[in-house]
Amino acid sequence: MKRVDLIKEIAAEFELIANRLSETEVATVASVVELEPQHLAEIAKRAHKLTGPKNVKLKTVIDKSLLAGIIIRYGNSGSKLSLITLRLLNVVCEFKNY
């Protein structure tokens, strides 16, 4: 029964090794709402500029504690980039006139 508990750990380790071999950088994107595919593509493109020649894989997280914008964490050190200016929010969120 305890072997079943190890599956998550084994899968996480496998993902780390696969990312290292494929030179893929995993970036975690936290936002208040679910992001549209076109917005994720734009974020991936910008994250690729930050990480250099590495491939970028995005993992999304919904974080209701954020007031606005997104937070991108990347790299082994957990470097953090907060995008909360109105200009950059327009890339991520579509504002509707009510």
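**Figure 1. Ala 27 in strand E1 of the predicted model.** Ala 27 belongs to strand E1. Its relative accessibility is 1%, so Ala 27 counts as buried, the cut-off being under 20%. Beyond its neighbours within four places in sequence, Ala 27 touches two stretches of chain. One holds Val 56, Lys 57, Leu 58 and Lys 59. The other holds Ile 72, Arg 73 and Tyr 74. Lys 57 lies 30 residues from Ala 27 along the chain, yet their C-alpha atoms are 6.2 Å apart.

**Figure 2. The largest nonpolar core.** Six residues form this core: Ala 27, Val 29, Leu 35, Ile 43, Ile 70 and Ile 72. Two elements, E1 and strand E3 (70-74), each give two or more residues to this core. Ala 27 also contacts Ile 72, a fellow member of the core.

**Figure 3. Helix H3, residues 37-51.** H3 has 15 residues. From first C-alpha to last, H3 reaches 21 Å, close to the 21 Å expected at 1.5 Å a residue. Its buried residues are His 39, Ile 43, Ala 47 and Thr 51. Viewed down the axis of H3, these buried residues fall within an arc of 105°, so they line one face of the helix. An α-helix has 3.6 residues a turn, so residues three or four places apart point the same way. Ile 43 is also a member of the largest nonpolar core. Pro 37 and Lys 49 are exposed, on the face of H3 turned away from its buried side.

**Figure 4. Two residues with positive phi, Glu 23 and Gly 52.** Glu 23 sits in the loop between helix H2 (7-21) and strand E1 (24-31). Its phi is near 50°, a positive value in a residue other than glycine. Glu 23 has 52% relative accessibility and therefore counts as exposed, the cut-off being over 50%. Gly 52 comes just after H3. Its phi is positive too, at about 80°.

**Figure 5. The whole chain, for orientation.** Four helices and four strands make up the elements of the chain. Their order from the N terminus is α-α-β-α-β-β-β-α. Of the 98 residues in the chain, 21% are buried. Take contacts between residues at least 6 apart in sequence: 68% of them join residues at least 24 apart. The accessible surface of the chain comes to about 7700 Å². Carbon and sulfur atoms account for 58% of that surface.

Note on methods
Residues are numbered from 1 along each chain as its sequence is written. This is a predicted model: local features need pLDDT of at least 70, side-chain atom pairs count only at pLDDT 80 or more; totals for chains, interfaces and linings use all residues. Side-chain values use heavy atoms; hydrogens and water are left out. Buried means under 20% relative accessible area, exposed over 50%, partly exposed in between (1.4 Å probe, protein chains only). Contact means heavy atoms within 4.5 Å. Accessible areas come from the Shrake-Rupley method with a 1.4 Å probe; for residues, only the protein chains shown count as cover. A nonpolar core is a set of buried Ala, Val, Leu, Ile, Met, Phe, Trp, Tyr and Cys residues joined through side-chain atoms within 4.5 Å. The expected span of a helix is 1.5 Å times one less than its number of residues. The arc is that of the directions from the helix axis to the C-beta atoms.
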